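Q: I should like to learn how a helix and a nonpolar core are read from a model. Could we take the features one by one?

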Amino acid sequence: MAFGELTGFLNKGFGSGFESGLWPLLERKGIWRPGIIKYQFNNNDVEDILKLPLHNLEEEDTSCWKAAKDDNYSVKTGYHNIIKWEAKPNIVRRSNNNDRTMWEKIWRSKVTPRQQILVWKVVQNIIPSKDNLIKRGISCDPFCPRCPTVMEDTNHCFKNSDWVKHIWYGSPLNLKFSNTNEEYSEWITGNLGNFSPNNLATLIKIVGGIWISINKLIFEGQNIPVIETIKQALNTPINSIKPPPKTSRK
Ligand SMILES: [Zn+2]
């Protein structure tokens, strides 16, 4: 799906309620003002901000409560929504002591806050993979851009696809993922305790590099090879990275 189409879907999906207070950053309603944004924010943030969808409708912003049919908040619908949330542990993960230790290690890790937040989103399964976009009501083709018959979900992006398996194996972590039903988030929470601080930083950087490469392919049509993805993720000279194995690549 082209980025323009995605923006269109996001506009439909999110509707109004987004732009209040943003007007200094807007050319006019629905259009970002890139010059000001580039001046005010660092490069990484500029890219993210300009990707945020804006709607062009002339309607005024209003607030609404999606859990109620008439969009108005009531204690009853608030209560029912909390009960629903509690019943779905996958949507909001509960923290236990192991989780807490893991997050402390992640927050202390020598990587950028952006990389830390990405890992957090991956573990919560809230990255905008195509299956998650579809769950949010955004219509797009559900398939991985590299594997036309496989649904792009978090597991496929970070653990199950051949491309990503080569990245993990070719990385200094030398990880081999087998085809099990284990969720990638479960794998992270189960294994992170065994990682040294250096390896943990490497893992977090590679998660970041994988996500950048996936997005470059979807939005810019740029197919970044395995070795280049590892190199960019770790920001190290290419000749220090072991080439990935040639077997089982489709
Ligand atoms: Zn794939």
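Q: Which residue follows α6, and what is the sign of its phi?
A: Helices are DSSP runs of H or I with at least four residues, numbered from the N terminus. In this model, α6 is followed by N125, whose phi is positive, near 55°. The model is predicted: local features need pLDDT of at least 70, side-chain atom pairs count only at pLDDT 80 or more, and totals for chains, interfaces and linings use all residues. Residues are numbered from 1 along each chain as its sequence is written.

Q: What pLDDT does the protein average?
A: pLDDT is the predictor's confidence in each residue, from 0 to 100. The protein averages 76, and 69% of the residues score at least 70. Over residues 1–21 the pLDDT is below 50.

Q: Which residues of α6 are buried?
A: A residue is buried if 20 or more other C-beta atoms, placed from the backbone, lie within 10 Å of its own, and exposed if 12 or fewer do. An α-helix has 3.6 residues a turn, so residues three or four places apart point the same way. In α6, the buried residues are Q115, V119, V122 and V123. They lie on the same side of α6, because their arc around the axis, taken from the directions to the C-beta atoms, is only 95°. The face turned away from this buried side carries the exposed P113, R114 and I117.

Q: Which members of the largest nonpolar core touch the most others?
A: In soluble globular proteins, nonpolar side chains tend to be buried together. Here the largest core has 27 residues, of which I167, V207 and I210 touch the most other members. α11 gives the most to this core, with eight residues.

Conventions:
Contact = placed C-beta atoms within 7 Å. Helix = DSSP H or I, 4+ residues; strand = E, 2+ residues; numbered from the N terminus. Core = buried A, V, L, I, M, F, W, Y, C linked by C-beta atoms within 7 Å.
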